[in-house]
Every structure is written in structure tokens, then in C-alpha cells.
Amino acid sequence: MIIDGKKLSEKICAQVRAEAEMMRRRPCLAAVLVGEDPASQIYVRNKERDCAKCGIDSRRYDLPDTVPEAELLAIIDELNNDDAVDGILVQLPLPEHISERKVINAVSPEKDVDAFHPINVGRMVTGEGTLMPCTPAGIMAMLREYGISPDGKHCVIVGRSNIVGRPMGLMLLNADATVTYCHRHTKDLAAMTRQADILIVAAGSPRLITGDMVKDGVVVIDVAMNRDPETGKFFGDVCFDEVEKKASFITPVPGGVGPMTRAQLMKNILAAAKERALKNG
Ligand code: ADP
């Protein structure tokens, strides 16, 4: 069965919209884009469109790639203190002369809708988070929707990045799975992936997972978005044709994890707005 991330993301978006419309003030996202990287421009534009669809206001700050770090930090500080702003998103990557860590740490945790701030990472680890990292939280929602419980399952994760693999494993652990992390130093990747009841692949390595590397009935979640430079088409880390034959559930690329990540961002903006409304009365 092919998991339809697009359809589920539309359902989530409609739910967010219904809740946003009930609020006294529309939730508001401030998106900061530094430089002119074409991929980043597309991402930010998509996020603005998603906001509009979900009844969320958005503001956009376009800064030149020469902007001094101190100036960017000053803008973040201003947004932290702006009562009309519920969520702050700084599109990564940033130019070399700016420390991403410093910028991430400067965003107020209550407005950190990417959930990259160490306080939100810590809360996610201990299972008390409200703002959750978008890609893994979107995947958890997808598993729930399709009635796939991680409880007692062996979940194998390929990739340990801070934004995808690592938090994914912790969220699955909090959902009572047995978790194995694989990464570049893993000696025998196929021996690991063959054990997976649920296999989550976020390596950014095209055709990494072939049919012989999975067992029958496996659930496969392909997080990667690899772009073919010639055709411009997107494809994942999983050889879909081969693995689909053995999988009980599998996500397509595109149309799987991508739209779920975007939907989770909308959920986070709404959650941040609701928390702030509660706190500020
Ligand atoms: P993403 O943003 O999709 O999480 P990153 O590029 O940040 O991707 O990280 C890629 C991750 O995938 C790293 O943790 C790396 O160790 C892992 N990885 C990449 N190639 C392989 C491979 N051939 N086998 C196992 N793990 C890999």
C-alpha cells in the first residue's frame, strides 16, 4: 500500500485552518531568508503559500547574503519581542560568515516553530515537547493515520542528522519502539536494514536501499529528496520499484514525507500561537 502524504497533509491543513479561524487573532509566521539560493527561495515561498491555505498570516524578511551576523541576530531579537509574531523561521543554510548555531539559539523557544532550539530538542527527548521537529513529527502522524504502531517494533533509521534521523529515533523510542541508528560508519548496512519492521531512510544517497535489503512486510518511509540534475525530477533513497514489491506500506517521493513536513510546520505555528494566547490571556 502506498502512503498518501499529500492527501493526509491536506486533511491536517484543513484542521489547522478550522482552529486558526477560531482564534481571536490569526496566527502569524515571520520567515527570514538570507541570500538568493534558489532552493531556499522555493521553500520559503511554499511555506508562505501553506500559511495562506491554513489561515495563518506570514511576513517575509529578505536579507542580502552579505548581511552581518549581528544584524540578523538583531532582527531575530525584534521578532522575539514582537507580540504579533507567533512563529519565527530562519531558512537554512546560512552563508558561511554566519553561525547557524548562534542563530538557532537566538530564536525564542516559544516561537521556534522548526523546533531546532536546544530547549525544544530537550523537551522532545523527554517526551514533553509541544513544538516538534517537522519531518519526524510528520512521519509519526503518517504512521498513526495508517494504523502502524511502533510499539515493540524494530525501527531502523538510516541517517543521524540533527533535523531528521536523530529526532526520528527518539520519537520512535518514546512510542515504545526498539531503535537502531545506521550512518556512514555502519559496517554492514544491509544486515541492519533486513531486520527492520519499520525502515526510515534519510541519507540523501540515491538508490541506497535495494530490494534485497528489506524483509517481506516491511514499512518503508523514504525521507530523501534527491533531484536529478538532468530531468529536474525528484526521487528518494529507496529503489521504489524493487522495495514496493516486498513492503506492506511505502511512501512515494514526491508526495510522501515532503507534504507532511510542511503540514507539521503549520501545526507548530498554530500550537505556538495557542500557547502564547493562553499565556498572555
Ligand atoms: P538529511 O538532511 O536528509 O537528514 P544529511 O545529509 O544531513 O541528511 O545526513 C545524511 C545522513 O545519512 C548522515 O547521518 C550519514 O551518516 C547518513 N548516510 C549517508 N550516506 C550513507 C550510507 N551510504 N550509508 C549509511 N548512512 C549514510
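## A tour of two sheets and a ligand site

Begin by selecting Val-219 together with Phe-249 of strand β10, since these two residues stand opposite each other. Keep in mind throughout the tour that the model on your screen is predicted. Now widen the selection to the strands themselves: β7, which covers residues 219-222, pairs with β10 in the parallel sense over 2 bridges. As general background, strands of a sheet pair through backbone hydrogen bonds, in either a parallel or an antiparallel way.

**The sheet of 5 strands**

Next, show the whole sheet to which these strands belong, an open sheet of 5 strands in the order β5-β4-β6-β7-β10, with parallel pairing. Colour β5 and β10 (249-250), which stand at the edges; each has a single partner strand, so one side of each is left without a neighbour in the sheet.

Move then to the other end of that order and select residues 154-158 for strand β4 and residues 178-182 for strand β5, which pair in the parallel sense over 5 bridges. Within this pair, Ile-157 is found opposite Tyr-181 of β5. If you follow the chain from β4, you pass through helix α7 (residues 165-174) before you arrive at β5, and this β-α-β crossover is right-handed.

**The ligand**

Select the ligand next, and display the residues around it: Val-158, Gly-159, Arg-160, Ser-161, Val-164, His-183, Arg-184, Leu-189, Ala-202, Ala-203 and Leu-208. Sorted by class, this shell consists of 6 nonpolar, 3 polar and 2 charged residues.

Which residue places a polar side-chain atom 2.5 Å from an oxygen atom of the ligand? It is Ser-161. Two further contacts involve the backbone: in Arg-184 a backbone N or O atom lies 2.9 Å from an oxygen atom of the ligand, while in His-183 a backbone N or O atom lies 3.5 Å from a nitrogen atom of the ligand. Taken alone, the ligand would expose 580 Å², and the protein buries 70% of that area.

**The sheet of 3 strands**

Leave the ligand and turn to the open sheet of 3 strands, whose order is β2-β1-β3 and whose pairing is parallel. Strands β2 (57-63) and β3 (87-90) are at its edges, and because each has a single partner strand, one side of each is left without a neighbour in the sheet. On average, neighbouring strands here are turned by 15° against each other, with direction ignored.

For a closer look, select β1 (residues 28-34) with β3, a pair that runs in the parallel sense over 4 bridges. Leu-29 can be used as a marker here, as it stands opposite Gly-87 in β3.

**Unusual spots in the backbone**

Before the last stops, recall that most residues other than glycine have a negative phi, and that most peptide bonds are trans. Select Leu-92 and Pro-93, where the peptide bond from the former to the latter is cis, with omega near 0°; Pro-93 lies in the loop between β3 and α4 (100-106).

A further cis peptide bond runs from Val-253 to Pro-254, with omega near -5°, and Pro-254 is part of the loop between β10 and α10 (257-280).

Finish at Ala-115, which has a positive phi of about 60° although it is not a glycine. You will find Ala-115 in the loop that lies between α4 and α5 (118-125).

Definitions and conventions: Residues numbered from 1 in each chain as written. Predicted model: local features only at pLDDT ≥ 70, side-chain atom pairs only at ≥ 80, totals over all residues. Heavy atoms only, no water. Near = heavy atom within 4 Å. Polar contact = N/O pair within 3.5 Å; in protein donor to acceptor, adjacent residues only side chain to side chain. Areas by Shrake-Rupley, 256 points an atom, 1.4 Å probe, with all protein chains shown as cover. Nonpolar A, V, L, I, M, F, W, Y, C, P; charged D, E, K, R; others polar. Pairing = 2+ DSSP bridges. Right-handed = clockwise from strand over helix to strand, strands pointing away. Axes fitted to C-alpha atoms, helices over the stretch in contact; angles between N-to-C directions.
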